[in-house]
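Walk through this structure one site at a time. Keep the sequence and the 3D view side by side.

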Amino acid sequence: LASLMDVSYAEVIGKCMGLGMMVSINQRLDAEVIELVASEFGYNVEFIGVDDADSMDEEEIVDDPEDLKPRPPIVTIMGHVDHGKTSLLDYIRSANVVGGEAGGITQHIGAYTVDLPSQKKIAFLDTPGHEAFTAMRARGAKVTDIAVIVIAADDAVMPQTKEAISHAQAAGVPMIFAINKIDKDGANPQKIYEQLAGMNILVEEWGGKFQSQELSAKSGLNVDLLLEKILLEAELLELKANPDREANGSVIEASLDKGRGYVATVLVQNGTLKQGDLVVSGQYFGRIKAMFNERNKRLEAAPPSTPVLILGLNGAPQAGETFRVFEDESEAKEVANRRAQILREQGIRTKKHITLDEIGRRLALGNFKQLNLIIKGDVDGSVEALSDSLIKLSTEEIAVNVVHKAVGAITESDVLLATASDAILIGFNVRASSQAARLAENEGVEIKTYSIIYNAIEEIKSAMEGMLEPKV
Ligand code: GDP
C-alpha cells in the first residue's frame with residue numbers, strides 16, 4: 001500500500017496507529033482499513049480482480065434465469081429445550097422414507113433428505129437448535145431457508161423460544177410454528193398463540209401471516225401436515241438453483257475418521273457436486289474420492305439442496321465454511337494456501353466486528369447505515385426501557401436495531417448472534433458468563449455493561465455522533 005501511494009511504510013503504520021490499530025509491516029489490512037488509510041493520503045481505492053482470497057466467496061456466478069430449476073427447501077428445527085425438537089427430527093427421519101427404505105438412515109451425517117409421497121423433497125439440518133444455526137451463520141453460511149420453531153403446547157413460550165425467534169428473524173429466515181405435544185393433557189395451543197401475539201407474531205389462525213401446525217412429534221400425529229406447510233412456504237419462496245454448473249455450498253460438519261481420512265458433510269446449495277470434483281473449503285482442498293448420503297449409499301452426483309458426506313479433502317474445514325468446485329488444480333491450491341497463510345498471520349478472526357469506537361470510523365467511510373444491538377438485563381422493565389430509548393436514538397443516517405433483547409446474563413448464544421449480525425452486546429446490571437466472555441474475545445465482539453441507563457444512552461449517542469475518541 002505504501003509503495004502504491006509513494007509514501008514510506010512508516011507513514012502508513014503511523015496512520016494505522018492513529019486509527020487505533022497496532023500493525024506491523026508484514027500484516028495484511030482489510031479492505032475497509034485500506035480505504036480509510038488511503039483516504040488519509042488523499043487516495044480513492046478501487047478494488048479490482050479476485051486477488052483477495054476471501055473474494056472467492058463473494059464471486060457470485062450469476063445464473064441465467066432460464067437455467068434455474070426449483071430446489072428442495074433446507075429446514076432447521078429450533079425451540080426451547082425439551083419441547084420436542086429431537087423427537088420431531090427423529091420422527092420425520094424414520095417415518096417419511098418412501099420406497100421401502102423406512103428406518104433406513106444408517107448414519108448421522110448432520111443433515112438428511114426426506115422424500116415425500118408427492119415426489120417432493122425436504123432437506124433437514126440434523127443438529128437442532130438456534131446455537132448451531134447461528135454458529136454456522138457466524139462463519140458466513142446461509143444454509144437455512146425455513147425455520148421450524150417447536151413449542152410444547154403444555155408449556156409456554158420460553159426464553160429459548162424467544163431466542164430462537166430472534167435468531168431466525170435476525171437471519172431473515174421465515175418461520176413456521178410447530179405446536180407440539182398436543183396429545184398431552186393440559187395442552188393449550190391457544191395460550192401459545194396468545195403469547196406469540198404478545199410478541200407481534202400472529203399465526204394464520206389468528207389472522208396473521210405465520211403458518212403453524214398443532215402436532216405430536218411422539219405419535220407422529222399431523223407431522224405430515226407440517227411437512228406440507230413447509231413445502232407451501234418453499235413454493236412462496238420460489239427456491240431455485242442451477243443444477244447444470246459446478247457446485248458450491250456449505251460445510252455442515254467435518255472430522256477425521258480413522259479408516260477413511262477426512263470426512264465432511266456438505267450441503268450443495270447451487271450446481272451439482274460430482275465424484276472426482278476438485279473442492280476448496282477454507283484452507284483445505286482435495287478431489288472427491290467418494291460421496292455418500294445418510295443411508296450410506298454411494299452417490300455419483302449431488303444436485304442442489306442435497307446433503308452429502310464427501311471423502312478426499314486434505315483437512316477438516318469448520319462447520320459453516322463455504323466450499324466451491326474449481327477446475328484448475330493450481331488455482332485451487334493457491335486459494336487454499338493463501339487462506340492458510342492469512343489464518344496464520346491473523347489468527348482465526350477474519351472479520352472485524354462493530355465496536356463503539358469503530359462506529360466513528362465506519363461513519364467516516366460513509367457506508368454505515370444500521371447499528372445492531374443485543375440487550376440483556378436483570379429485569380424486564382429495564383430491558384424494555386433501555387431498548388426503547390436506544391431505538392429512539394435512530395437518526396436519518398443510522399437506524400438503531402435491537403436484534404434480540406431478554407432478561408438474563410450474556411451467554412455464548414448471544415455472542416454468536418452478535419457475531420452473525422455484527423452487533424454490539426449490551427448488558428444492563430448483568431455480566432457475561434466466562435465462556436461467553438472468552439468467545440467474545442475470540443470473535444472480536446464488544447460487550448458493554450452498564451448499571452445506569454443514562455450512561456448507556458449517552459455513550460451510544462456519542463458513538464453515533466462519531467464523538468468517541470478512538471482508543472489506541
Ligand atoms: P428437545 O430437547 O427439544 O430435543 O426435546 P426432545 O425431543 O428430547 O423431547 C423432550 C421430551 O418430550 C422427551 O421425553 C420426548 O419423549 C417428549 N416429547 C416430545 N414430543 C412429544 C409429544 O408430541 N408428545 C409427548 N407426550 N411427549 C413428547
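Is N222 buried, partly exposed or exposed? N222 is partly exposed, because its relative accessible area is 22% and the buried class ends under 20%. The model is predicted, and this value is computed from it. N222 sits in the loop between β7 (212-214) and α9. Its backbone deserves a look too. Phi is positive there, about 70°, although N222 is not a glycine.

Q119 offers a second case of this kind. Its phi is near 75°, again a positive value in a residue other than glycine. Q119 also belongs to a loop, the one between β3 and β4. Q119 is exposed, because its relative accessible area is 71% and the exposed class starts over 50%.

Now turn to the ligand. Its surroundings comprise 15 residues, of which D82, K85, T86, S87 and D183 come nearest. By type, the shell divides into 7 polar, 6 charged and 2 nonpolar residues. Which helix gives the most to this shell? Helix α5, residues 85-95, does so with 3 residues.

Backbone atoms of the protein also approach the ligand. A polar backbone atom of D82 lies 2.7 Å from a ligand oxygen. For G84, the distance from a polar backbone atom to an oxygen of the ligand is 3.0 Å. A217 likewise places a polar backbone atom 3.0 Å from a ligand oxygen. How much of the ligand does the protein bury? Taken alone, the ligand exposes 580 Å², and the protein buries 75% of that.

Follow helix α5 next. Its buried residues are K85, L88, L89, I92 and R93. Seen down the helix axis, the buried residues of α5 fall within an arc of 130°, so they line one face of the helix. The spacing follows a general rule: an α-helix has 3.6 residues a turn, so residues three or four places apart point the same way. What does this buried set of α5 pack against? The partners are the strands β2 (74-79), β3 (111-115), β4 (121-125), β5 (146-152) and β6 (175-180), together with helix α9 (223-237).

Move on to R71. This residue is in the loop between β1 (69-70) and β2. R71 is buried, because its relative accessible area is 16% and the cut-off is under 20%. Several of its contacts are distant in sequence. Leaving aside neighbours within four places, R71 is in contact with D145, L239, K240, A241, Q269, P304 and S305. A further reference point is V308: R71 and V308 are 237 residues apart in sequence and 16 Å apart in space, C-alpha to C-alpha.

One of these partners of R71 merits a closer view: S305. The side chains of R71 and S305 make a polar contact at 3.2 Å. S305 is found in the loop between β16 (301-302) and β17 (307-311). Is S305 buried or exposed? S305 counts as buried, at 2% relative accessibility. Its side chain also reaches the backbone oxygen of P72, at 2.7 Å. Not counting residues up to four places away in sequence, S305 touches R71, P72, I74, A123, L267 and V268. The side chain of S305 thus has polar contacts with the side chain of R71 and the backbone oxygen of P72.

Terms used. Residues are numbered from 1 along each chain as its sequence is written. This is a predicted model: local features need pLDDT of at least 70, side-chain atom pairs count only at pLDDT 80 or more; totals for chains, interfaces and linings use all residues. Side-chain values use heavy atoms; hydrogens and water are left out. A residue is near a molecule or strand if one of its heavy atoms lies within 4 Å of it. A polar contact is a pair of N or O atoms within 3.5 Å; within protein, one must be able to donate a hydrogen and the other to accept it, and residues adjacent in sequence count only if both atoms are side-chain atoms. Accessible areas come from the Shrake-Rupley method with a 1.4 Å probe; for residues, only the protein chains shown count as cover. Helices (H or I, at least four residues) and strands (E, at least two) are DSSP runs, numbered from the N terminus. Ala, Val, Leu, Ile, Met, Phe, Trp, Tyr, Cys and Pro count as nonpolar, Asp, Glu, Lys and Arg as charged, and the others, Gly among them, as polar. Buried means under 20% relative accessible area, exposed over 50%, partly exposed in between (1.4 Å probe, protein chains only). The arc is that of the directions from the helix axis to the C-beta atoms. Contact means heavy atoms within 4.5 Å.
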